[in-house]
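Biologist: I have not seen this structure before. Please take me through it step by step.

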Amino acid sequence: MLIALTSVKGSPGVTTFAVALAASWPAGARRVVVECDPAGGDLAQRFGLAASPGLLSLAAAARQPVDQDVVWNHTQPLPGGIQVMAGPPGAHQARAALGTLTSATSPLFAHRPAVAVFADCGRLDPGSPTEAVIRHADVLLVISGSHSDELAHLATRVHDLGRIAARACLVLAGGGHATNAVERELGIPVMARIPDDPSGAANYTGRAAPHRRRAGGLVRVASVVAQVLAAGPSREPSPPVLDAVQQVPGVPAQPTAASGVRVLRPPVLGKDVRS
Ligand SMILES: Nc1ncnc2c1ncn2[C@@H]1O[C@H](COP(=O)(O)OP(=O)(O)OP(=O)(O)O)[C@@H](O)[C@H]1O
Ligand SMILES: [Mg+2]
């Protein structure tokens, strides 16, 4: 299963959530986080990984015909055991590697039902090489902040993303407008809301000492999203734009509309909602 994660603006926590989701994936399944961000990767620096193996070494290998399982030769383990394929820190190198790894025969797109590949596509600027990853993905998670400026950017892209991805799900992050207000204004359902959880995020950005690890809000949301995605698509007919696979507890169900995107006014000062 290929799960692509992306944002449209800012740094709402895509890389952090990709690692949290992989760590929360049901036990027994092989999983790997692939850092496809065209702006360059963060995982090697955050976790003190070696420069190679990683995305660059896989791209070099994939210039020749390769076995589908070659991916595992280009990963390194994080302290918790999750395998990651770290991207190079520089955008030029990252884009060059993605040029090779987004061809139709890319080992990243090999069909592996028993493997979960979490592709961190970074910010999806128009013309990004990671559009090919999104087209091949079984699921796309679009992660966005929830303030008016962030939602305004999201509104300009979200319907296109819903069309190019097989199954696209919107995930909000942090404080800002209430989830049901965003659903109403964008006319699409929200799959989950990642809470502002700095100590939870520290676990997945190499900043937390192992003894300080605890199951906070970020971990809880990652676990629910992992269970929903691992269970596969719901049998309900999909709404035409973004597909809310299942409402996450705490996010009220909303009727969906395929059009009529509006953008919320900023919340009244002191009334930011964090649900
Ligand atoms: N749920 C969260 N609560 C609090 N802080 C978070 C959360 N998720 C991520 N962060 C913090 O936000 C910062 C950015 O996170 P991250 O690198 O995951 O974002 P990103 O969307 O991948 O950004 P970029 O597109 O620049 O790569 C990091 O310092 C991380 O610790
Ligand atoms: Mg990132």
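Modeller: What follows is a set of questions and answers on a predicted model.

Biologist: In what order do the strands of the open sheet stand?

Modeller: The sheet has eight strands, and their pairing is mixed. Strands of a sheet pair through backbone hydrogen bonds, either parallel or antiparallel. The order is β3-β4-β2-β5-β1-β6-β7-β8.

Biologist: Why is one side of β3 and of β8 left without a neighbour in the sheet?

Modeller: β3 (76-77) and β8 (192-194) each have a single partner strand. One side of each is therefore left without a neighbour, because both stand at the edges.

Biologist: Which residue is the bridge partner of Pro-77 in β4?

Modeller: β3 and β4 (residues 83-85) run antiparallel and are joined by two bridges. Pro-77 has its partner in β4, and that residue is Gln-83.

Biologist: At what angle does helix α9 run to β8?

Modeller: α9 covers residues 217-230 and lies across β1 (2-7), β6 (139-146) and β8. Its angle to β8 is about 150°.

Biologist: Which element gives the most to the shell around ligand 1?

Modeller: Ligand 1 is surrounded by 18 residues, the closest being Ser-11, Gly-13, Thr-15, Thr-16 and Ala-201. At least two shell residues come from each of α1 (14-24), β5 (115-123) and α8 (198-203). With three residues, the element that gives the most is α1.

Biologist: Which residue does a cis peptide bond join to Ser-52?

Modeller: Omega of this bond is about 10°. The residue joined to Ser-52 has its place in the loop between α2 (43-47) and α3 (55-61). That residue is Pro-53.

Definitions and conventions:
Residues are numbered from 1 along each chain as its sequence is written. Chains are lettered from A and ligands numbered from 1 in the order in which they are written. This is a predicted model: local features need pLDDT of at least 70, side-chain atom pairs count only at pLDDT 80 or more; totals for chains, interfaces and linings use all residues. A residue is near a molecule or strand if its C-beta atom, placed from the backbone, lies within 6 Å of it. Helices (H or I, at least four residues) and strands (E, at least two) are DSSP runs, numbered from the N terminus. Two strands pair if DSSP finds at least two bridges between them. Two residues are in contact if their C-beta atoms, placed from the backbone, lie within 7 Å. Axes are lines fitted to C-alpha atoms, for helices over the stretch in contact, and angles run from 0 to 180 degrees between N-to-C directions.
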